[in-house]
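This report is meant for a reader who is meeting the structure for the first time, and it moves from one buried loop residue to a surface patch, a pocket and the salt bridges.

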Amino acid sequence: MADTTLSGTAQSVHTIQSGYMAQVQRRRLYSGLTLLIFVVLMVAGFNIADDRNAGGFWNGLHQIGDYPADVLSEAWAKRADLPTLIVKYTPALIETINIAAVSTLIGAIGGLFLSLLGTRGLAKWPRLIPLFRRISDILRAVPEIVIALVLIFVLGGGPVPAMIAIAIHTAGALAKMFSEVSENTDLKAVEGLSSTGATWLQRMLLGVLPQVAPNYVSYSLLRFEVNIRASAILGFVGAGGLGYELRNAMAWGPGRFDEAAAIFILLFGTIVFFDQVSSRYRNKLTDGQTH
């Protein structure tokens with residue numbers, strides 16, 4: 001009887017092991033096929049892009065370092081002028097930071113209301129939750145540069161189209177992040193305020209925001225870093241700021257490469273500075289630690 005039990009147990013273990021190995025082999029096969037399809041698509045996409053490009057990628061690959069070398073050599077030859085150029089382009093840098101700051105503030109306010117109106121248990125109109133969520137999806141789905149190009153066509157060039165474009169995209173992006181935080185809110189405070197006759201706005205201000213404010217501010221600071229880069233990029237399409245000056249300096253080519261180098265230094269230093277500052281405060285808000 002014992003031998004029969006042991007034999008049955010061994011057979012059962014062998015069956016489980018065989019099934020497990022078969023499952024592992026199938027998973028490896030599917031993973032291999034997925035990787036193969038990915039590689040084929042990447043190669044096909046690269047070949048199509050290379051054929052439609054003005055110049056072949058492989059033909060110009062050996063020249064990839066020529067432009068940086070020209071910029072660095074000219075900047076080094078005129079290095080005595082770099083401090084003057086940095087001072088010259090500081091107002092454009094301030095304009096870029098202002099664009100990022102204002103657009104982040106407006107986008108954070110818009111994202112706050114979209115998140116609260118689109119979160120289950122907090123929404124003022126529960127039936128409209130899908131509508132507010134789709135609005136936030138649309139706002140963050142459209143790239144800033146597309147919105148900026150449309151606004152530049154309507155309003156003309158300058159910082160205002162860039163600010164509006166970044167604020168619209170920021171509202172959609174932060175609405176998603178804020179909504180994920182709001183979904184984990186303890187509703188006991190909200191229910192207590194509701195029992196006292198508090199309005200929806202009072203419940204949000206007194207019952208929800210004190211719980212989620214650290215994460216909200218953390219996400220807003222993170223978005224501010226992103227918006228500094230975005231405002232510089234939008235300058236290339238005529239939206240003002242440091243990016244606009246960089247485009248002009250690069251368009252002139254040799255003779256103004258020292259100006260391009262000065263703008264690169266300003267932009268790089270600004271991004272690193274705000275990255276470090278915002279990271280420090282985000283760590284304080286979320287973890288209570290300063291790294």
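In this predicted model, Ala239 is found in the loop that runs between helix α9 (200-234) and helix α10 (242-252). Ala239 has a relative accessible area of 0%, and because buried means under 20%, Ala239 counts as buried. Although 87 residues separate Ala239 from Ile152 in sequence, their C-alpha atoms are 7.3 Å apart in space.

## A nonpolar patch

On the surface there is a nonpolar patch formed by Ile138, Val142, Ile145, Val146, Leu149, Val150, Phe153, Val154, Leu155 and Val160, which together have about 930 Å² of accessible area. Which helix gives the most to the nonpolar patch? That helix is α6 (residues 144-155), with seven residues. Val142, another member of the patch, sits in the loop between α5 (129-141) and α6, and its relative accessibility of 30% is the reason that Val142 counts as partly exposed.

## The largest pocket

Rolling a probe the size of a water molecule over the atoms shows where empty space is left. In this model the largest pocket holds about 170 Å³ of space. Its lining is made of 14 residues, of which Arg133, Ser136, Arg140, Lys176 and Ser179 are the closest to the centre of the pocket. Two or more lining residues come from each of the elements α4 (82-117), α5 and α7 (159-182), and the largest share, six residues, is given by α5. Sorted by character, the lining of the largest pocket has seven charged residues, four polar ones and three nonpolar ones.

## Salt bridges

Side chains of opposite charge can pair when their charged atoms come close. A search of the whole structure finds six salt bridges, and the table lists three pairs, among them one that involves Arg133, a residue of the pocket lining.

| Salt bridge | Closest N and O atoms |
|---|---|
| Glu183 and Arg133 | 3.2 Å |
| Asp137 and Arg134 | 2.9 Å |
| Arg229 and Asp275 | 3.1 Å |

The salt bridge between Glu183 and Arg133 links distant parts of the chain, since Glu183 lies in the loop between α7 and α8 (188-195) while Arg133 lies in helix α5, 50 residues apart. Glu183 counts as partly exposed because its relative accessibility is 44%, and Arg133, with a relative accessible area of 22%, is partly exposed as well.

Asp137 and Arg134 both belong to helix α5, where they are three residues apart, or about one turn of the helix. Asp137 has a relative accessibility of 24% and therefore counts as partly exposed, and Arg134 counts as partly exposed at 45%.

The salt bridge of Arg229 with Asp275 also links distant parts of the chain, with Arg229 in helix α9 and Asp275 in helix α11 (residues 257-286), 46 residues apart. Are these two partners buried or partly exposed? Arg229 counts as partly exposed, at 32% relative accessibility, whereas Asp275 counts as buried because its relative accessibility is 18%. Elsewhere, salt bridges that share partners join Arg134, Asp137 and Arg140 into one network, and Arg140 also appears among the residues closest to the centre of the largest pocket.

Methods
Residues numbered from 1 in each chain as written. Predicted model: local features only at pLDDT ≥ 70, side-chain atom pairs only at ≥ 80, totals over all residues. Heavy atoms only, no water. Patch = residues over 30% accessible without salt bridge, like charges linked within 9 Å, V, L, I, M, F, W, Y side chains within 5 Å. Areas by Shrake-Rupley, 256 points an atom, 1.4 Å probe, with all protein chains shown as cover. Salt bridge = Lys/Arg side-chain N within 4 Å of Asp/Glu carboxyl O. Helix = DSSP H or I, 4+ residues; strand = E, 2+ residues; numbered from the N terminus. Buried < 20%, exposed > 50% of the residue type's maximum accessible area, 1.4 Å probe, protein only. 1 Å grid on protein atoms, 1.4 Å probe; cavity = no way out; pocket = protein on both sides within 12 Å on 5 of 7 lines; lining within 4 Å. Points joined across faces, edges and corners; volume = space filled by probe spheres on them. Nonpolar A, V, L, I, M, F, W, Y, C, P; charged D, E, K, R; others polar.
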